[in-house]
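Please look over the sequence and the structure below, and then follow the paragraphs that come after them, keeping the picture in view as you read.

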Amino acid sequence: MFQRFFGTVSLFSGSRSINPLLSSIVASRASSSAAAKMSLDLAKKIAAFKAVDEYVRDNTVVGVGSGSTVVYAVQRLAERVKTEGLKLVCIPTSFQARQLIIESGLVLGDLEQHPKIHCAIDGADEVDADMVLIKGGGGCLLQEKIVASCADQLVVIADYTKNSKKLGEQYKKGIPIEVVPMAYVPIRNKVAAKYGGSLKLRMAVAKAGPVVTDNGNFILDWHFPEEKFDWDVVNRDIMMIPGVVETGLFVKMATKAYFGLADGSVTERSA
Ligand SMILES: O=C[C@H](O)[C@H](O)[C@H](O)COP(=O)(O)O
């Protein structure tokens, strides 16, 4: 114990013989985490490119989702507009999506002018075997669900970590529920009383206090118990609670999901 203690001290106290070893451990950890990130980014990209290539047609209205995977979809849309001369109008699902559309030189539209969308392309936090989605990890669920509800097809793009048999298997941050700020405590109590689990008010990272969505609301993340739920019923029940604006449960909405894999291939699931 004594030796181990002093051994530890000598590791961090500037011993010249050990520092190179430490540096190489740190460097190898950093490079393996950089490699993991690269493979995740690649997985997102190939899923996004395939979805855009297979689903987006000329002279159509496209719903543009939110999150890190959608960045690649927008990149591919912009490439195809440039190289193939596609005529597209893009409807954003968040402030982030709006900025991506503008910065990529795509045509920005809204639901007032284009209430009917041909295809919405969006990411997901998790997709289960029945194509039920958890969305809203980035806080954008409300506008995403509105846009998806106006689309003939909702196409999901994701990396392999989002592909699950049942919700909660991969995504551990709970189901986001967007709520009117004054009602977050009663909603929290009502959901927990009816279904169990716990609900946490999502806190901001670079701001004091809670996350405030693009629509001025709060988000409760519901860590649900490990049970077999009928998500359609659960979604409807939660939506009935006054003050709930929307849930991140997307049930019977997605047409198709593309999951990019680490080996550079893409696996698909259809509704
Ligand atoms: O609120 C965020 C959205 O629902 C995203 O589409 C979802 O969180 C997936 O994001 P990402 O592509 O970054 O994993």
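In this predicted model, a good place to begin is strand β6, where seven of the nine residues are buried, so that this strand is largely enclosed by the rest of the structure. Strand β6 covers residues 151-159, and it has partners in β3, to which it is joined by five bridges in a parallel run, and in β12, with which it also pairs in the parallel sense over five bridges. Two of the facing residues can be found by following Val156 of β6: Asp122 stands opposite Val156, while in β12 the bridge partner of Val156 is Ala257.

From here the view can be widened to the sheet. In general, the strands of a sheet pair through backbone hydrogen bonds, either parallel or antiparallel. The sheet in this model is open and has six strands, in the order β2-β1-β3-β6-β12-β13, with mixed pairing. At its edges stand β2 (88-92) and β13 (266-270), and because each has a single partner strand, one side of each is left without a neighbour in the sheet. From one strand to the next, the twist averages 20°. The pairing of β12 (residues 256-260) with β13 is antiparallel, with five bridges joining the two strands, and Lys256 stands opposite Ser270 in β13.

Helix α4, made of residues 95-103, packs on this sheet, where it touches β1 (60-64) and β2, and its direction makes about 155° with that of β2. Helix α5 (residues 141-149) lies across β1, β2, β3 and β6, and runs at about 145° to β3.

Helix α3, at residues 70-84, has 15 residues, and from its first C-alpha to its last it reaches 20 Å, which is close to the 21 Å expected at 1.5 Å a residue. Which residues of α3 are buried? They are Val70, Tyr72, Ala73, Val74, Arg76, Leu77 and Ala78, where buried means that 20 or more other C-beta atoms lie within 10 Å of the residue's own. After α3 comes Gly85, whose phi is positive, near 70°.

The last stop is the ligand. Which of the 17 residues around the ligand come nearest? They are Gly67, Ser68, Thr69, Gly123 and Gly138. The residues of the shell around the ligand divide into three nonpolar, ten polar and four charged, and in this division Gly counts among the polar residues.

Methods. Residues are numbered from 1 along each chain as its sequence is written. This is a predicted model: local features need pLDDT of at least 70, side-chain atom pairs count only at pLDDT 80 or more; totals for chains, interfaces and linings use all residues. Two strands pair if DSSP finds at least two bridges between them. Helices (H or I, at least four residues) and strands (E, at least two) are DSSP runs, numbered from the N terminus. Axes are lines fitted to C-alpha atoms, for helices over the stretch in contact, and angles run from 0 to 180 degrees between N-to-C directions. Two residues are in contact if their C-beta atoms, placed from the backbone, lie within 7 Å. The expected span of a helix is 1.5 Å times one less than its number of residues. A residue is buried if 20 or more other C-beta atoms lie within 10 Å of its own, exposed if 12 or fewer, and partly exposed in between; C-beta atoms are placed from the backbone. A residue is near a molecule or strand if its C-beta atom, placed from the backbone, lies within 6 Å of it.
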